[in-house]
Amino acid sequence: PKVFSQQFSILTCKSGTSFANAFGHIALRYSDPYRGVDHVYDYRVYDITESDLISKLVLGKLCAAKWNT
């Protein structure tokens with residue numbers, strides 16, 4: 001029998017006091033315990049020391065990353 005255990009979640013964090021977390025945060029989680037899959041797709045990952053971080057942030061050109069949980 002097929003088991004449908006897939007689940008999508010939206011993970012959110014409120015904004016903080018430093019530049020690194022001033023805008024809050026959001027990610028998408030996909031999990032399927034039946035298949036042993038649990039991934040978080042994080043759409044605002046950046047290096048705070050990157051020289052052109054502000055322009056990339058404003059232009060929406062930051063990298064996306066996938067995290068296995």
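**Exercise 1. Confidence**

What pLDDT does the chain average, and what share of the residues score at least 70? Then find which element has the lowest mean pLDDT and which the highest.

*Solution.* Keep in mind that this is a predicted model.
- Step one: take the chain as a whole. The average pLDDT is 77, and 72% of the residues score at least 70.
- Step two: go element by element. Strand S4, residues 63–68, has the lowest mean at 59. At the other end sits strand S1, residues 7–13, with the highest mean, 89.

**Exercise 2. Layout of the chain**

Work out how many helices and strands the chain has, and in what order they run.

*Solution.*
- Step one: count the elements. You should get one helix and four strands.
- Step two: walk along from the N terminus. The order reads β-β-β-α-β.
- Step three: look at burial. Of the 69 residues in the chain, 16% are buried.
- Step four: turn to the surface. The accessible surface of the chain is about 5500 Å², and carbon and sulfur atoms account for 60% of that.
- Step five: check the sequence range of the contacts. Taking contacts between residues at least 6 apart in sequence, 36% join residues at least 24 apart.

**Exercise 3. A nonpolar patch**

Which residues make the nonpolar surface patch of about 410 Å², and which strands each supply at least two of the patch residues?

*Solution.*
- Step one: list the members. They are Phe8, Ile10, Ile26 and Leu28.
- Step two: place them on the elements. S1 and strand S2 (25–32) each contribute at least two residues.
- Step three: zoom in on S1. Ile10 lies in this strand, and its relative accessible area of 63% makes Ile10 exposed. Phe8 is exposed too, at 57% relative accessibility.

**Exercise 4. The aromatic pair**

The structure holds one aromatic pair. Describe the geometry of the Phe8 and Tyr30 rings, then say which strands they tie together.

*Solution.*
- Step one: get the distance and angle. The ring centres of Phe8 and Tyr30 are 5.0 Å apart and the planes meet at 45°.
- Step two: classify the pair. Planes under 30 degrees apart would be stacked and over 60 edge-to-face, so at 45° this pair is tilted.
- Step three: locate the partners. Phe8 is in strand S1 and Tyr30 in strand S2, so the pair links parts of the chain 22 residues apart in sequence.
- Step four: compare their cover. Phe8 is exposed at 57%, whereas Tyr30 is buried, with a relative accessible area of 19%.

**Exercise 5. Two salt bridges**

Find the two salt bridges in the structure. For each partner, decide: buried, partly exposed or exposed?

*Solution.* Side chains of opposite charge can pair when their charged atoms come close.
- Step one: start with Asp38, which bridges to Arg29 with the closest N and O atoms 2.6 Å apart. The relative accessible area of Asp38 is 19%, so this residue is buried. Arg29 has 29%, so it is partly exposed.
- Step two: move on to Asp32, whose bridge to Arg35 has a closest N to O distance of 2.9 Å. Asp32 is at 0% relative accessibility and counts as buried. Arg35, at 55%, counts as exposed.

**Exercise 6. Ser31 and Pro33**

Where does Ser31 sit, and which residues does it touch, leaving out those up to four places away in sequence? Do a similar check on the place of Pro33.

*Solution.*
- Step one: place Ser31. This residue belongs to strand S2 and is buried, with a relative accessible area of 10%.
- Step two: gather the contacts. Ser31 touches Ser5, Gln6, Gln7, Val37 and Asp38; you met Asp38 above as the salt-bridge partner of Arg29.
- Step three: relate Ser31 to Phe8. The two are 23 residues apart along the chain, with 6.6 Å between their C-alpha atoms.
- Step four: switch to Pro33, in the loop between S2 and strand S3 (37–45). Pro33 counts as exposed, at 62% relative accessibility.
- Step five: pair Pro33 with Phe4. They are 29 residues apart in sequence, and 9.5 Å separates them in space, C-alpha to C-alpha.

How values were computed: Residues are numbered from 1 along each chain as its sequence is written. This is a predicted model: local features need pLDDT of at least 70, side-chain atom pairs count only at pLDDT 80 or more; totals for chains, interfaces and linings use all residues. Side-chain values use heavy atoms; hydrogens and water are left out. pLDDT is the predictor's confidence in each residue, from 0 to 100. Patches are made of residues with over 30% relative accessible area and no salt bridge: like charges are joined within 9 Å, nonpolar side chains (Val, Leu, Ile, Met, Phe, Trp, Tyr) within 5 Å. Accessible areas come from the Shrake-Rupley method with a 1.4 Å probe; for residues, only the protein chains shown count as cover. A salt bridge is a side-chain nitrogen of Lys or Arg within 4 Å of a carboxyl oxygen of Asp or Glu. Buried means under 20% relative accessible area, exposed over 50%, partly exposed in between (1.4 Å probe, protein chains only). Contact means heavy atoms within 4.5 Å. Rings of Phe, Tyr and Trp (its six-membered ring) pair if their centres lie within 6.5 Å; planes under 30 degrees apart count as stacked, over 60 as edge-to-face and the rest as tilted.
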